[in-house]
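Dear colleague,

Please find below the structure that I am handing over to you, together with its sequence. My findings follow beneath it.

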Amino acid sequence: MTPGIRPLIAGNWKMNGTARGAASLAEGVRAGLDRVAGADLLICPPFVHLHAAAAAVAWKPVAIGAQDCSALPDGAHTGDVSAAMLADAGCGYVIVGHSERRADHGEADAVVRAKAAAAIAAGLIPVVCVGETEAQRDAGEAESVVGSQLRGSLPEGFGAARGVVAYEPVWAIGTGRTPTEADIAAMHARMREEVTALLGEAGRTTRLLYGGSVKPSNAATILALPNVDGALVGGASLKAEDFLSIAAAAPAG
Ligand code: PGA
C-alpha cells in the first residue's frame, strides 16, 4: 500500500467464459460489494462479454475494462477494436501490454505505448503491464528490464488519474509461484522511482499493481507491501468469492 492511494483490485478474465457466465460472475462481484470497503474494483471480461458484464454491474461501483485496444482510432483494421469503442461500450479502463499480448502478438514497448496513448485520448485509463521473464530474473536483470519497459511503454499524458501500472513477472502468471515479499517490495520501490522520474509528482500517486498468482491466501501479505497499490488478478478473478476475498484483504490506502 501507499498512504493516500486507494487500492485497485482488477480481474483479468482473459479468454474465458460465455456471456451468461460473464453476467453471472459480474453479478456475483456486485452482490459481494459490501465486503469491500477499502478498494476500488475493476473487472476485465473478453470484448464480446463487455456489454453483459456492464449490464450486470450497472449503477454499482465496479468498473469495467477491456484486455486490449487498437492504437488506431478507426478504419480498415479487420478484427481490431478501438479505445473509443470500448468507452462507448461502458469501459473505464483497458489493459495494454499484458505479457500474453507481448508474447502472442509480438507487441513491443512502442506498440504498448501507442495503445496506452489511444486509451488516454478516448478517456480510458490504461493499465500498462510490465514484467521480466524467469531467465531475465535469473540473470539479475529484472529491475533493469522493468525500468526499460516503463520508459518505453508509458505515453505522454500518463499519470495518477490517467494511468495504472501493473508489475507482472511473466514466470509468476498462472503458475502458482510468486516472487518473495522482499523482491516484490524492491521492484515496486524501483518502479515508484522510475514513474516519478518519468511523470514528476503524478508518479508518487500513480497506482502500481502487482499481478501473478495472487489468491486469497497471499493477498493480504502482498497488498500490505509498500508501493503495492492493488492487484491484477487472473485465475482467481474467475470466482467471485475468491476475487472478493482478495479485494477484502486490501488495506485502505
Ligand atoms: P494469474 O494471472 O493471477 O492467473 O497468475 C495474472 C494476469 O495474467 O493478469
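**Leu41 and the nonpolar cores**

Once neighbours within four places in sequence are set aside, L41 is in contact with L8, I9, V29, L33, V36, P61, V62, A63, F243, L244 and A247. Apart from the core described next, there is another core of 13 residues, and A10, I95, V127 and L232 are among them. The largest nonpolar core has 64 residues, and the members that touch the most others in it are I9, L41, I43, L86, V165 and M191. Please bear in mind throughout that this is a predicted model.

**The protein as a whole**

The protein contains ten helices and eight strands. Its C-alpha atoms fill a box of roughly 45 × 45 × 35 Å, taken along the principal axes. The radius of gyration is 17 Å, which agrees with the value near 18 Å that a compact globule of 253 residues would have. Buried residues account for 52% of the 253 residues. If one considers the contacts between residues at least 6 apart in sequence, 74% of them join residues at least 24 apart.

**The packing of α1 against α10**

Two of the contact partners of L41, F243 and L244, also take part in a contact between helices, to which I now turn. Helix α1 covers residues 19-31 and helix α10 covers residues 240-248; the two pack at an angle of about 35°, and their axes lie 9 Å apart. The crossing of these two helices, α1 and α10, is right-handed. On the α1 side the contact is made by L25, G28 and V29, and on the α10 side by A240, F243 and L244. By character, the residues of this contact comprise five nonpolar, one polar and no charged.

**Two residues with positive phi**

Which residues have a positive phi although they are not glycines? S213 is one of them, with a phi of about 60°, and N227 is another, with a phi of about 70°.

S213 lies in the loop that runs between β7 (207-211) and α9 (216-223). With a relative accessibility of 14%, S213 counts as buried, because the cut-off for that class is under 20%.

N227 is found in the loop between α9 and β8 (230-233). Its relative accessible area is 17%, so N227 is buried. Leaving out the neighbours within four places in sequence, N227 is in contact with M1, T2, H188, A189, R192 and L208.

**The start of the chain**

M1, one of the contact partners of N227, is placed in the segment before β1 (8-12). At 27% relative accessibility, M1 counts as partly exposed. How far apart in space are M1 and V228, which are 227 residues apart in sequence? From C-alpha to C-alpha, M1 and V228 are 4.8 Å apart.

**Helix α7 and the loop after it**

Two residues in this part of the chain may be of interest to you. V145 is found in helix α7, and its relative accessibility of 15% means that V145 counts as buried. Not counting residues up to four places away in sequence, V145 touches E132 and Q136. The C-alpha atoms of V145 and L225 are separated by 21 Å, and these residues are 80 apart along the chain.

P155 has its place in the loop between α7 (142-153) and β6 (164-167). P155 also counts as buried, at 5% relative accessibility. With residues up to four places away in sequence again left out, P155 touches R113, A116, A117 and I120. P155 and I246 are 91 residues apart along the chain, and their C-alpha atoms are separated by 30 Å.

With kind regards

Terms used. Residues numbered from 1 in each chain as written. Predicted model: local features only at pLDDT ≥ 70, side-chain atom pairs only at ≥ 80, totals over all residues. Heavy atoms only, no water. Core = buried A, V, L, I, M, F, W, Y, C linked by side-chain atoms within 4.5 Å. Buried < 20%, exposed > 50% of the residue type's maximum accessible area, 1.4 Å probe, protein only. Contact = heavy atoms within 4.5 Å. Axes fitted to C-alpha atoms, helices over the stretch in contact; angles between N-to-C directions. Helix = DSSP H or I, 4+ residues; strand = E, 2+ residues; numbered from the N terminus. Left-handed = near helix turned anticlockwise from the far one by under 90°. Nonpolar A, V, L, I, M, F, W, Y, C, P; charged D, E, K, R; others polar. Rg over C-alpha atoms; globule rule 2.2 N^0.38 Å.
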